[in-house]
Amino acid sequence: MAENYIKSKIIDSEVAQHLGFADAVADIHRKNGASPKYFIQTFGCQQNEADSERLGGMCVAMGYEKTLTPEEADLILVNTCAVREHAEKKALSIIGQYKHIKDRNPALIIGVGGCMVTQEARADKLKKSYPYVSFTFDTGAAYKVPRLVLGALRGEKRSFILSDEWKINEGLPISRESGHMAWLSIMYGCNNFCSYCIVPYVRGRERSRSAEAIIEEAKQLIAGGAKDITLLGQNVNSYNGGDGVDIAELMHRICALDGDFRLRFMTSHPKDASDRLIEAMATEEKIVKHFHLPIQSGSDRILKEMNRKYDTAAYLEKIAKLKVAVPDVSITSDIIVGFPGETEEDFLGTLDIMEKVRYDMVFSFIYSPRNGTPAAKMDCQIPHEVSAERMSRLLALQDKISNERNERFLCRTMRVLAEDVSKNDPNMLTGRGDGVRPIHFAADRSVIGQFVDLKIKSVSTYSFEGEII
């Protein structure tokens, strides 16, 4: 059995049925004396990463072992993203490259899932133009993968699933990527229908897991060594577990569990960032003092066109409350540049919001039309060269603000989770504290997965350097 493999104690009957198909696949491999391998390619957000851990759990249940290279795999699953067209094109390009692997290994099974194939046009393209793809499964049908793999092994017809509804499929096993860092999905879908966003169409309406199931999974994660747990949802602070259990109450209950761990959450919608949530962050020591609160634009006119359901005054009021309750909080945001009809005045409003809030970090994007969304049909699409020039100004301002904000950490002692070896220097480790910047420090690899106290020696725009005390 794989490391960090979790089997839930709370299982839906439909999931249990499909895990029975997983047993049937494992039986086939045992009878054939095979030791098959699986490879998962993941695109997109943290929710997709969490979904891929469940896909990995099902692969383990089917008797597959993980490989890091698709060339070694007997089963390849591609978990796609649809938020931007670039992500879809990249996924299709990668899937196209897998044809050469299939040619060399005709027994290879290739399945494609995720947000991209929830769009009927993309599913049809895979069906007609990628004949070596054995099956597709949309975001509402991931639990059916064992049955799809079983059909492929038996030589049945190719399957292309588009669900009529999205549900909570409780009880899928999980094969976690890390022993000390964990994603914990608490709700799925979105009801906001921002005019630029495809998510409600490919993830369905909001639906929350039961508090009981979440707490049970959190206990298993902590018992398994998780020290950094991130609660996930497309709009995580709209969580509604029933009986008065909102996101704040859920976090209080998780923080009350035994264990030395810390808790994060993302992504939040400003209209649902409640006083109760801010109070939970202020009072619970285990909650990391980082709040990701996307503004998207600093123009009230553009926010209305985006269907964001708040204005800049309401947003700034939330920020003010947050800073009073958590004075040293790190605030990050998402910003879209070049939304249809954005004028220079609108853009200057965004820069003004950045100056007022003083974000620690901003994730900024040039607007990308998504077919099927209202914004894609709007007049006054902004020329790319105009958007690119505005993006350059935005990035320059944010770098200036980030550098100024980062200075407060210099010479500070921080409790940091040693996450992994630095990607830039194999002699250094990387970790994070309450700040959003990665911290690089020299230490033996044996401390990975443990908390260490670091003194911050230097700060730069995108990272810090520290030393163990």
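Which residues does Ser208 touch, not counting residues up to four places away in sequence? Let us work through this and a few more exercises together.

This is a predicted model, in which local features need pLDDT of at least 70 and side-chain atom pairs count only at pLDDT 80 or more, while totals for chains, interfaces and linings use all residues. Residues are numbered from 1 along each chain as its sequence is written, and side-chain values use heavy atoms, with hydrogens and water left out.

**Exercise 1. Describe the surroundings of Ser208.**

Step 1. Start with the opening question: Ser208 touches Ile168, Ile186, Met187, Tyr239 and Asn240. Contact here means heavy atoms within 4.5 Å.

Step 2. Place the residue: Ser208 lies in strand S11 (residues 207-208). Helices (H or I, at least four residues) and strands (E, at least two) are DSSP runs, numbered from the N terminus.

Step 3. Look at its exposure: Ser208 has 25% relative accessibility and counts as partly exposed. The cut-offs are under 20% relative accessible area for buried, over 50% for exposed, and partly exposed in between (1.4 Å probe, protein chains only).

Step 4. Finish with a distance: Ser208 and Cys115 are 93 residues apart in sequence, and 19 Å separate them in space, C-alpha to C-alpha.

**Exercise 2. Find out how the buried residues of helix H1 are arranged.**

Step 1. Check the length: H1 (residues 13-32) has 20 residues and reaches 29 Å from its first C-alpha to its last, close to the 28 Å expected at 1.5 Å a residue. That expected span is 1.5 Å times one less than the number of residues.

Step 2. List the buried residues: they are Val15, His18, Leu19, Ala22, Val25, Ala26 and His29.

Step 3. Look down the axis of H1: its buried residues fall within an arc of 110 degrees, so they line one face of the helix. The arc is that of the directions from the helix axis to the C-beta atoms.

Step 4. Turn to the other side of H1, where Ser13 and Lys31 are exposed.

Step 5. Ask what covers the buried residues: the cover includes helix H2 (46-61) and helix H5 (145-153).

Step 6. Step past the end: just after H1, Gly33 takes a positive phi of about 65 degrees.

**Exercise 3. Work out how helices H7 and H8 pack.**

Step 1. Take the geometry: H7 (residues 211-223) and H8 (residues 247-255) pack at an angle of about 35 degrees, with their axes 10 Å apart. Axes are lines fitted to C-alpha atoms, for helices over the stretch in contact, and angles run from 0 to 180 degrees between N-to-C directions.

Step 2. Find the residues that meet: Ala211, Ile214, Ile215 and Ala218 in H7 meet Leu250, Arg253 and Ile254 in H8.

**Exercise 4. Draw the sheet that contains S15.**

Step 1. Write down the order: this open sheet of three strands runs S14-S15-S16, with parallel pairing. Two strands pair if DSSP finds at least two bridges between them.

Step 2. Mark the edges: strand S14 (290-292) and strand S16 (361-366) each pair on one side only.

Step 3. Add the twist: neighbouring strands of this sheet are turned by 15 degrees against each other on average, direction ignored.

Step 4. Join S15 to S16: six bridges link strand S15 (residues 330-337) to S16 in parallel, and Ile336 stands opposite Phe365 in S16.

Step 5. Place the helix: H13 (residues 384-406) lies across S15 and S16, running at about 175 degrees to S16.

**Exercise 5. Compare the pairings of strand S17.**

Step 1. Pair S17 with S20: strand S17 (residues 413-421) and strand S20 (residues 451-459) are antiparallel over five bridges. Val416 stands opposite Val452 in S20.

Step 2. Pair S17 with S18: four bridges join S17 to strand S18 (residues 429-432), again in the antiparallel sense. The bridge partner of Leu417 in S18 is Arg432.

**Exercise 6. Spot some backbone features in loops.**

Step 1. Find the cis bond: the peptide bond from Met266 to Thr267 is cis, with omega near 0 degrees. Thr267 is in the loop between strand S13 (262-266) and helix H9 (275-283).

Step 2. Check Cys380: its phi is near 60 degrees, a positive value in a residue other than glycine. Cys380 sits in the loop between S16 and H13, and at 57% relative accessibility it counts as exposed.
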